[in-house]
Each structure stands twice: as structure tokens, then as C-alpha cells.
Amino acid sequence: GRDSRRQATIGAALALAAACVQAVPNMFMFGNRTHVRDYMYLTMYWFWFYLSWTAAYLAYSYSITVQEQERHAAELAVKAQEAQVRALRYQINPHFLFNTLNAIAALVRDAPARAEEMVVRLSDFFRRSLAVNPMEDLTLSEEVDLQRLYLEIERTRFPDRLRFDVALDPGSAEARVPALLLQPLVENAVKHGVARSEGPTRIGIRARLDGPVLEIVVENDAKAERPGPAGEKVGLRNVAERLHSRFGREASLTTGEIPEGGFRNTLRIPLRR
């Protein structure tokens, strides 16, 4: 950059000045003190000597600066990722809590036993989700158990409309995944699938091993009766960015509508145990 060129110019100028000074006593000791050619030869000799040391110093200084910048950039990237993932812990849709509390309030009078059960499940869900370190990995079975608890709470709100099933192929349950990775996908399935549909909706979570890849599918078969809000892709973008920052091109998130009705999210991440 401009600073590097400026430093190189200053270094060359200082090398030339030092060479001019160094050549004078050398002429008295080794050359003809009145011969211009000897002076020019000694000046060039010392110029290249000092210039070589200057270049070596600038190269070393530049490498240190680059390493420091790379380290700082890496620290910023890690901090940004940590902030993003930690924010996920607290971004569980506030409407979920609001709607759940409203549902509990409605059940208190007519079905106090169900209201009590819902309070226990809600407490258990938040206790377990807040206990998760979002910078660590969980086994897929642990992640799915947390989503199962979330769906059990939502099913209290939609007892006649929400169904869900989980199918983990052999070997996939022990695979490790980023904590809370599925939360935005499952939450979207409820918010933009079940809540918008007038009929029964099934939410499915399934996983299988494809060689060195773990494939996870979160889908719903909702036939939505009402258009979804404009911001419904925020959760998908969050998941895609987490996958990219963690695995680069080794992971992917594919989303799309199902022709017969519904929406499917397919995650493919490197298999880790």
C-alpha cells in the first residue's frame, strides 16, 4: 500500500545517505582519496549493503504487521461469530413466549392440569436451552430432544393442527452438530407453517448419513392459507451464515417449497463424532 511504498522510499534514501558518508573514510583507507570513480564504487557498494539490510528489516517488519493484522482479523471473526451464536440463544421468538403464556392463561380456568404441565415444559425448555453453550457442539439426538420439547409446548397451543415426527437413521444420532442449529428451522415451521395453515400440519425432522456427510431435513406439509410475513427468511439466513462461518463450502443449506404443499430445509454438514 501507500505506507509500504513510503517506507521503502525513506529506507532507500537513508541507505544512500549512509553509503555516501561511509564511502568517505573508506577512500582514505582503501582507495585514492581524489579519485571520483573510487568514491562512486564505494558509495554503490555501501548503498547496496545498507539497502539489503533495510529491505530485510522492512520485509520482516511487514511480515510482523501482516501476521498481527491476520491475528486481529481472526479474533474479530471469532468474536463476531460468538456474538452471532450467543444472540441466537436469546432470539427465540418473543412471540413464542407471549403466545405460550396466553395459552397457559386460557388453560388455567378450564384445564388447570394441562396449564401446569405446560408451565413445567416451558420452564424445562428454557432451562435446557439456556444451559447450552452455543459455542459448543451437541449430539444430534440432544439437539433433536430440545426441539422435541419446543414442539411439545407448541402442540399445546395447536392440539388439533400440529403433529411432528423424528426419524434418525442408525449412526446419525451420535453425530455432533452446532448447538441450536435446528431451532430457527423448527421455529419457522411452526410460525410460517402451522400458524398460517387452517388444517393439520406435520413437522418432520429426519437425518441420515451420506458417506462423510450428515444430512438433516426439517420440513412441514402445511398448506398455508395466509401469506407469510416479509421477515420469515431471517432464521434461514442465520443458519446459512453459521454453516458458512463454521464449515465453509463443506456445508450447505438448501431450502424450497414442496410441490404438494409445505416447505423443506436440507442441511448437509461434515460428519463429526
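At roughly what angle do the axes of helix 4 and helix 5 cross? They cross at roughly 150 degrees and come within 10 Å, with helix 4 spanning residues 112–131 and helix 5 residues 140–157. Before going on, a word on the numbers: this is a predicted model, where local features need pLDDT of at least 70, side-chain atom pairs count only at pLDDT 80 or more, and totals for chains, interfaces and linings use all residues. Residues are numbered from 1 along each chain as its sequence is written, and side-chain values use heavy atoms, leaving out hydrogens and water. Helices (H or I, at least four residues) and strands (E, at least two) are DSSP runs, numbered from the N terminus.

Back to the helix pair. Axes here are lines fitted to C-alpha atoms, for helices over the stretch in contact, and angles run from 0 to 180 degrees between N-to-C directions. Angles over 145 degrees count as roughly antiparallel, and helix 4 and helix 5 are therefore roughly antiparallel to each other. The crossing is left-handed, meaning that the near helix is turned anticlockwise from the far one by less than a right angle. Among the residues making the contact (heavy atoms within 4.5 Å) are M118, L122 and F125 of helix 4, along with L146, L149 and I153 of helix 5. Overall, the residues of this contact divide into seven nonpolar, two polar and seven charged.

Now for the strands, where two count as paired if DSSP finds at least two bridges between them. Take strand 5, residues 213–220: eight of its eight residues are buried, that is, under 20% relative accessible area with a 1.4 Å probe, protein chains only. V213, E215, V217 and E219 cover one side, and L214, I216, V218 and N220 the other.

Strand 5 has partners too. Strand 4 (residues 201–210) pairs with strand 5 in the antiparallel sense over eight bridges, and R206 has V217 as its bridge partner. Two residues lie between these strands in their hairpin, where G211 takes a positive phi near 65 degrees. Eight bridges also join strand 5 to strand 7 (residues 263–270), again running antiparallel; there V217 partners T266.

Strand 7 is in turn joined by six bridges to strand 6 (residues 252–257), also antiparallel, with T255 opposite N265. Strand 6 and strand 7 make a hairpin with five residues between them, and G261 in the turn has a positive phi of about 120 degrees.

Terms used:
Parallel < 35°, antiparallel > 145°, perpendicular 65-115°, else oblique. Nonpolar A, V, L, I, M, F, W, Y, C, P; charged D, E, K, R; others polar. Buried < 20%, exposed > 50% of the residue type's maximum accessible area, 1.4 Å probe, protein only.
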